[in-house]
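Let's take a walk through a protein chain together. Have the sequence and the 3D view ready, and look up each residue as we get to it.

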Amino acid sequence: MSQELNKRLLNEAWLQHQRFLLGVAGVVYLVWWFVVERILVGSFNPLPGRLAVCSSFFVVLALSFRRPFICRNIDRFYSLCAYALTLHYYYLFYNNPGDINWLVGSYITVVAVGMTLERPFILVVFTVLVLASTWYVASKDSSAAVAIPGMIT
């Protein structure tokens, strides 16, 4: 097998993997809305924001079949969608103060998103440290002092 063919096959496998991640992330985050509605009845969990985040994954996925620029940079677009998902979850977390379930969900979200990114360090630095610090400053609740070290960890 020639080196050029081998490289092309690796690129195609990588592209398929990125498309798979986009589809799974969009579906899982949408399904998670239904789970939260069922388990945490009455919590702040608006569907329009969730649909906007999920649609970003699906739009990038669809465009990856039509636009070479998207294909070449699909990992970067996936990262942007993942950051939007994480920011959205922190927004939900902030609007559900004092509910330990949302704190646990924050850990799960950051770990899951971080595992799928090629550069998880940026997620940790930007999303966790910056948002956790902002939340600590903005929070009027003393429980933020306990939650912040856990999020940073």
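In which helix is the place of F20? F20 sits in helix α1, which covers residues 3–39. Keep in mind that this is a predicted model.

Is F20 buried or exposed? F20 counts as exposed because its relative accessible area is 52%, and the cut-off for exposed is over 50%. F20 also has company out there: together with V24 and V28, F20 makes up a nonpolar patch on the surface. The accessible area of those three residues together is about 270 Å².

**The whole chain**

Let's zoom out for a moment. How many helices and how many strands are there in the chain? The chain has seven helices and zero strands, so its pattern, read along the sequence, is α-α-α-α-α-α-α. Of the 153 residues in the chain, 38% are buried. As for the outside, the chain has an accessible surface of about 9300 Å², and carbon and sulfur atoms own 70% of that surface.

What about contacts across the sequence? Take the contacts in the chain with a separation of 6 or more: 65% of them are between residues 24 or more positions apart.

**Into the core**

In soluble globular proteins, nonpolar side chains tend to be buried together. Here, the largest nonpolar core holds 26 residues. Which residues have the most contacts inside this core? They are L22, Y29, F57, Y78 and W102. The elements giving two or more residues to this core are α1, α2 (47–63), α4 (74–94) and α5 (100–116). The largest share comes from α4, with nine residues.

Pick out L22 in your viewer. Setting aside residues up to four places away in sequence, L22 touches F57, V60, L61, I74 and Y78.

Three of those partners, F57, V60 and L61, turn up again among the buried residues of α2. The buried residues in α2 are R50, V53, C54, F57, V60 and L61. This helix has 17 residues and spans 24 Å from its first C-alpha to its last, which is close to the 24 Å expected at 1.5 Å a residue.

**Two more stops in α1**

Q18 lies in helix α1 too. Is Q18 buried or exposed? With a relative accessible area of 3%, Q18 is buried, because the cut-off for buried is under 20%. Neighbours within four places in sequence aside, Q18 is in contact with I74, D75, Y78 and E118.

L15 is another residue with its place in helix α1. L15 is buried because its relative accessible area, 11%, is under 20%. Leaving out residues up to four places away in sequence, L15 touches C71 and I74.

**Two prolines in loops**

Now for the loops. P46 lies in the loop between α1 and α2. P46 is partly exposed, because its relative accessible area of 28% falls between the 20% and 50% cut-offs. Which residues is P46 in contact with, leaving aside its neighbours within four places in sequence? The contacts are W33 and L92.

P97 is in the loop between α4 and α5. P97 counts as exposed because its relative accessibility of 64% is over 50%.

**Far along the chain, yet how far in space?**

Here are some pairs to find in your viewer, with distances taken from C-alpha to C-alpha.

| Pair | Apart in sequence | C-alpha to C-alpha |
|---|---|---|
| P97 and S43 | 54 residues | 9.9 Å |
| P46 and L92 | 46 residues | 8.6 Å |
| L15 and D75 | 60 residues | 8.6 Å |

Try tracing the chain from L15 to D75: the two are 60 residues apart along the chain, while their C-alpha atoms are separated by 8.6 Å.

Note on methods
Residues numbered from 1 in each chain as written. Predicted model: local features only at pLDDT ≥ 70, side-chain atom pairs only at ≥ 80, totals over all residues. Heavy atoms only, no water. Patch = residues over 30% accessible without salt bridge, like charges linked within 9 Å, V, L, I, M, F, W, Y side chains within 5 Å. Areas by Shrake-Rupley, 256 points an atom, 1.4 Å probe, with all protein chains shown as cover. Salt bridge = Lys/Arg side-chain N within 4 Å of Asp/Glu carboxyl O. Helix = DSSP H or I, 4+ residues; strand = E, 2+ residues; numbered from the N terminus. Buried < 20%, exposed > 50% of the residue type's maximum accessible area, 1.4 Å probe, protein only. Core = buried A, V, L, I, M, F, W, Y, C linked by side-chain atoms within 4.5 Å. Contact = heavy atoms within 4.5 Å. Expected span 1.5 Å × (residues − 1).
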